[in-house]
Amino acid sequence: MSDTTGESQTHTIRLELVDEPGELLGALEPISEAGGNLMSIYHERGNVTPRGHIPVEVDVSCAPDRFERIVDSLREGGVNVIQAGSERYDEELVVLLVGHLVDTDLSDTLQQVEACANASLTDLSLSAPRGNDDSSSARLRLKTKSGTTDAVLSTLREIADGKDLHVIEPLTEGTQ
Amino acid sequence: MTGARLAVLGVGAVGRSVVELADEYGHTVTAVADSSSAAIDPDGIDTDAVLKRKADEGVVGDSDPDAALDADYDVLVEATPTTLGDAEPGFSHIAHALNRDNHAVLANKGPVAERYGDLRELEADSDGQIRFEATVGGAIPICSTIDDFGADHITAARGVLNGTANFILSRMAAEGLDYDHVLAEAQDLGVAEADPTFDVEGIDAALKFVILSNVLADGDEEYTLDDATVEGITDIPGTALELAAEDGRTIRLIGEATPDGVRVGPRLVPDDGPLSVTGTLNIVQLETTHADRLNISGRGAGGPETATAVLSDVSRLVD
C-alpha cells in the first residue's frame with residue numbers, strides 16, 4: 001500500500017540558482033527527501049538569467065501531493081522556484097536556422113526562442129564560415145510540450161522572418 | 001487502347017521519345033508537330049526520317065503546325081513546354097481534341113496544374129478522356145496508383161518530385177560543397193538546365209503536388225500554383241547540410257499535398273528514411289486510409305522515362 005494519493009506523474013520544476021558551489025545539490029535534496037524520483041536535470045550553465053542566476057530545469061516523478069510538498073520545501077530552503085507544474089516537455093524538435101545569424105544578433109534570436117512558452121532550447125550547434133558575407137547555419141534542439149509542435153514552428157517562423165532568416169523544419173510525418 | 005493513332009505535339013525530349021517508342025507499344029504516329037512545322041501521314045509517318053529532319057534542319061515536315069490538330073488520330077499527345085496561367089497553347093490543343101471526341105494524354109503540366117476544372121468540364125462534354133500520368137514523377141505510376149486505390153482512400157501525398165533539386169542537395173551533402181558549385185556541376189552534367197529557376201525555386205515540384213492535390217480532391221476542390229506555399233533551395237548553405245548530417249538527418253526539397261493544402265520547401269528528414277533518395281531519383285509516399293504508407297520511387301524525368309508514362313496512359317484509355 002502506498003501512503004500517497006494519486007498516481008505518480010512527471011512534473012517539471014524550473015529553478016534559478018546562484019552560481020556557487022553546492023547550490024545545485026542543496027536544491028535537489030528536498031526532492032529526494034520527499035520521495036520524488038528525479039528523472040532529469042537540465043543545468044543551463046552557459047545561460048544566465050537577467051539577474052545573473054543559472055536556470056535549472058528538473059523533471060520529477062511523484063504523486064501530486066508529494067509534488068506540492070517538494071515545491072514548498074524548496075521555497076522554504078530559499079531556492080527560487082520560477083515555474084512548477086505538471087506539464088512536461090516530452091517532444092523533441094530539431095530545426096535548422098540559416099542566414100546571416102551572427103549579423104542579426106544570434107543571442108537575441110535564441111532569447112526570443114527561449115521566451116516561447118511551449119519550448120525549451122536544449123542544444124545548439126553553430127556552423128559559421130570564415131567570412132561575414134556568407135550565411136551560416138545553426139541546429140536547434142528543442143523540447144516542446146506535447147501537442148504544441150505546430151505552434152512552436154509557427155513562432156520560430158515569425159522570429160526568423162523578422163530577421164530575414166530561414167527555418168528548415170523537420171518533416172514530422174511520413175519519415176519512418 | 002491498342003493500336004492507337006497518335007498525334008504528338010511537341011518534339012522536345014519527351015515528344016521525341018514518344019515518337020521513337022510508339023511502334024514498340026503497338027501504336028502508330030499519324031501526326032507530329034513542333035512549334036514551326038508538322039509531318040502528317042494517315043498511314044503513319046516515317047518516324048526515323050522525321051526525327052532525322054528535326055535534328056538536321058530543326059523542322060519535322062512541310063506542313064503548318066496547326067495541321068496536326070486536324071489530322072486523323074485517336075489520341076492527342078500534348079508534350080509542348082509547360083506554361084503557367086492560362087496554360088496556352090497546351091490547353092487549346094487538348095480542348096481541340098476533346099471537342100472532336102478524341103482522347104488527350106498530357107506530358108505538359110500547365111493545363112492540369114492551372115486549369116484542372118476547365119479540363120474536367122471539357123472532358124465531361126466529350127466522348128474522349130484525358131490522362132496525365134507523365135506530368136507527375138516521370139516513369140513512376142503515381143496517378144494510376146491513386147486511381148487504383150481510389151482518391152478517397154488516400155489522405156495525403158508527399159515526397160521528392162524534382163530530380164535536379166534532389167541531385168544538388170544530395171551532392172552538397174555528400175561532397176560538402178556549396179550550392180553554386182554543385183549547380184554548376186549539375187549544369188555541366190545536363191542534370192540542371194541553363195536557367196534552373198523552375199527546379200531550384202521549387203516551382204516544378206509545386207506544379208506536380210498541385211496536380212496531385214487536384215487528383216486527390218477529386219473535384220471537391222480545385223488547386224492552382226497560386227494556392228501552393230513554395231520555397232526553393234537556393235538559400236541553403238553547405239553548413240546546413242553538415243549540421244543536419246551530424247544529427248543523422250539530411251535536407252530534401254519535400255512537397256506535400258494534404259487536406260491543408262500544397263506546400264513545397266526544404267525539410268529535415270532522417271538520413272536513412274525512405275524520402276532521402278539520392279541523385280535524380282524521385283519518390284512519392286501516399287498515405288492510405290487502410291494500408292498505411294505506400295512508397296513508390298523511380299526516375300522522375302528524362303525523355304524515354306516520361307514517354308513510358310505517356311504510352312502507358314495511351315494503353316489505359318478505354319475505347
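## A glycine after a helix

Let's start at one small spot in chain B: right after helix α2(B) comes Gly58(B), which has a positive phi, near 80°. Keep in mind that this is a predicted model.

## The two sides of α2(B)

Now step back into the helix itself. Helix α2 of chain B covers residues 47-57, and its buried residues are Thr47(B), Val50(B) and Lys54(B). Why do these sit on the same side of α2(B)? Because the arc they cover around the axis is only 70°. There's a general point behind this: an α-helix has 3.6 residues a turn, so residues three or four places apart point the same way.

Turn to the other side of α2(B) and you'll find exposed residues, among them Asp48(B), Lys52(B) and Glu57(B). Ala49(B), Ala55(B) and Asp56(B) are exposed there too. As for the buried residues, what covers them includes α1 (13-21), β2 (28-33) and β3 (38-40) of chain B.

## The sheet in chain B

Two of those covering elements, β2 and β3 of chain B, also turn up in an open sheet. This sheet has 6 strands, in the order β3-β2-β1-β4-β5-β6 (chain B), and its pairing is mixed. At the edges are β3 and β6 (130-131) of chain B, each of which pairs on one side only.

Further in, β1 of chain B (residues 5-9) pairs with β2(B) over 5 bridges, in the parallel sense. Which residue of β2(B) is the bridge partner of Leu9(B)? That's Ala33(B).

## The catalytic stretch on record

UniProt, in an unreviewed entry, places the feature "domain: Homoserine dehydrogenase catalytic" at residues 141-314 of chain B. Over residues 141-314, chain B is 41% helix and 26% strand, and the C-alpha atoms at the two ends are 13 Å apart.

## Chain A and where it touches chain B

Over in chain A, there are two domains: domain 1 spans 9-85 and domain 2 spans 89-168. Taken over C-alpha atoms, their centres are 26 Å apart.

How many residues of chain A are in contact with chain B? It's 18, and they meet 23 residues of chain B. On the chain A side, β5 (89-99), β6 (119-127), β7 (136-145) and β8 (166-170) each give two or more residues. The largest share, 4 residues, comes from β8(A). Sorted by class, this side of chain A has 7 nonpolar, 8 polar and 3 charged residues.

β8(A) also pairs across the chains: 2 bridges join it to β10 of chain B (residues 261-270), and the two strands run parallel. Here Pro170(A) has Leu268(B) as its bridge partner.

Notes: Residues numbered from 1 in each chain as written. Chains lettered and ligands numbered in written order. Predicted model: local features only at pLDDT ≥ 70, side-chain atom pairs only at ≥ 80, totals over all residues. Domains from an automatic or database assignment. Contact = placed C-beta atoms within 7 Å. Nonpolar A, V, L, I, M, F, W, Y, C, P; charged D, E, K, R; others polar. Pairing = 2+ DSSP bridges. Buried ≥ 20, exposed ≤ 12 C-beta atoms within 10 Å, placed from the backbone. Arc of directions from axis to C-beta. UniProt positions renumbered as here; feature names shortened; annotations may be inferred.
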